[in-house]
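User: I would like to learn how to read a few features of a structural model, beginning with a single residue and then moving on to strands and a helix. Could you take me through them one at a time?

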Amino acid sequence: MIDIQILRSNPEFVKDALKLRNAHADIFVTLEKIISIDQNWRKVKKEEELLRADRNKLTMEIASLKKAGKIGKEVDHLIEKSGIVSTRIKEIAQETAKLEEEIKQHSFYIPNIIDKSVTKGTSDKDNVVVKTHGKPGKHAKDVLDHHVLGEKTGWIDFDRGVKLAGHRFSVLSGPVAKLERALINFMLNLQTTNGYSEMCVPHLVNTQTITSTGHLPKFAEQLYKCPDDGLWLIPTAEVPLTGFYANEILEEKNLPTKLCAYTPSYRREAGEYGRDIKGLIRQHQFDKVELVKLCTPESSFSELESLVRDAESVLQALELPYRVIELCTADTGFASAKTYDLEVWLPSQDTYREISSCSNCTDFQARRANIKYRAKDGVKFVHTLNGSGLAVGRTLIAILENYQDKARGVITIPKVLQDYMQEEEIKF
């Protein structure tokens with residue numbers, strides 16, 4: 001949620017920030033509603049201030065008259081007048097509470113303000129490659145697509161996934177299921193050595209928690225809801241990890257706080273029909289290790305750079321070719337002020353595909369969740385950051401293809417996973 005003080009002092013700045021995102025016209029209409037409601041709120045609050053001053057003056061006059069022994073119509077009149085003022089103050093309290101709730105509900109649809117360092121652009125074509133690591137050694141002609149490999153071996157069963165749950169579900173078995181588990185353990189172990197505290201969090205959260213990260217109300221169609229219980233399946237562990245400190249005040253000495261968790265993630269993928277129909281690229285349920293940081297505003301952008309390095313460390317340890325992309329203004333996510341994507345090389349597609357998205361959300365989520373810290377000069381909102389470390393299913397695909405020897409019919413296990421797997425290769 002954006003800072004209302006910024007909107008009050010410089011509405012044109014906020015409008016320009018929305019233009020950088022190529023925001024839809026409806027967002028600007030919503031912004032104008034917020035400005036109008038806020039103006040009304042300030043008008044009513046001014047009235048309240050004047051009335052409180054009048055009531056204080058009346059209270060002093062009444063006390064002075066009573067002290068002087070002047071009890072009668074004059075005092076009764078002042079008491080009656082004070083009562084009328086008090087009644088109006090109570091009415092104003094209800095009016096301002098209603099206006100504040102209206103502002104809050106409209107503000108939920110306004111995205112974060114893009115950081116000035118982000119490259120201006122009009123689409124994802126304007127994203128910038130800032131780093132490439134490793135050289136692709138295999139291409140489509142050299143490998144079996146993971147989808148074909150999975151069907152051939154039975155290790156990735158898409159048909160039974162459909163039978164059990166429907167489209168975009170699958171079942172892993174045998175060595176591929178074991179490889180998935182090995183990756184999860186490896187990623188968690190690596191990130192704890194990188195200084196993250198491992199957490200085990202609920203996969204279902206309440207509306208307040210999932211609203212605090214910016215997923216509600218704007219992205220409700222992408223989420224799975226349990227309406228009878230008022231709970232939502234998490235689209236990422238970012239949601240419970242960020243919400244863990246909601247309505248709390250942290251100590252500055254404990255920042256940055258670094259958390260990680262493995263969870264399944266659940267997404268409806270509404271609007272994505274026709275994209276990545278085959279395989280594990282776009283599933284309704286997928287595994288992910290998530291990284292979350294809470295830090296001071298002064299350190300958040302340096303913490304973003306280190307967050308990217310922590311996500312990169314997984315790909316480097318697995319010796320997978322990848323690149324780092326800085327998203328342009330038009331492609332930066334709703335809650336983010338700046339985002340880097342990590343894209344891993346997938347030989348079967350002859351291209352890089354996203355495997356992690358690392359974002360600095362500044363105080364956007366902290367304002368929604370009311371997460372603050374005690375600084376030397378007062379209590380302030382923390383900055384929150386999140387990133388995948390990594391998307392497990394896509395990492396699995398990258399290994400099955402980049403480490404595949406189609407001629408020999410084997411997949412070599414990356415060295416860092418061999419102890420987890422207790423074998424050096426998988427034959428197919």
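User: Does Pro-264 count as buried or exposed, and why?

Analyst: Burial is judged from relative accessibility, with buried meaning under 20%. In this predicted model, Pro-264 has a relative accessibility of 8%, and therefore counts as buried. Pro-264 lies in strand β9, which covers residues 257-266, and, leaving aside neighbours within four places in sequence, Pro-264 is in contact with His-203, Ile-234, Gln-285, Phe-286 and Asp-287.

User: How are the strands β5, β6 and β7 ordered in their sheet, and which of them stand at the edges?

Analyst: These three strands make an open sheet, ordered β5-β7-β6, with antiparallel pairing. Because β5 (204-206) and β6 (224-226) each have a single partner strand, they stand at the edges, and one side of each is left without a neighbour in the sheet. From one strand to the next, the twist averages 35 degrees. The antiparallel pairing of β6 with β7 (residues 231-233) runs over three bridges, and Tyr-224 has Leu-233 in β7 as its bridge partner.

User: How should I read the length of helix α3?

Analyst: In general, an α-helix has 3.6 residues a turn, so residues three or four places apart point the same way. For length, the rise to use is 1.5 Å a residue, so the 43 residues of α3 (residues 25-67) should span 63 Å, and this agrees with the 63 Å between its end C-alpha atoms.

User: What is the phi of Gly-69, which follows α3?

Analyst: The phi of Gly-69 is positive, near 80 degrees.

Definitions and conventions. Residues are numbered from 1 along each chain as its sequence is written. This is a predicted model: local features need pLDDT of at least 70, side-chain atom pairs count only at pLDDT 80 or more; totals for chains, interfaces and linings use all residues. Side-chain values use heavy atoms; hydrogens and water are left out. Helices (H or I, at least four residues) and strands (E, at least two) are DSSP runs, numbered from the N terminus. Buried means under 20% relative accessible area, exposed over 50%, partly exposed in between (1.4 Å probe, protein chains only). Contact means heavy atoms within 4.5 Å. Two strands pair if DSSP finds at least two bridges between them. Axes are lines fitted to C-alpha atoms, for helices over the stretch in contact, and angles run from 0 to 180 degrees between N-to-C directions. The expected span of a helix is 1.5 Å times one less than its number of residues.
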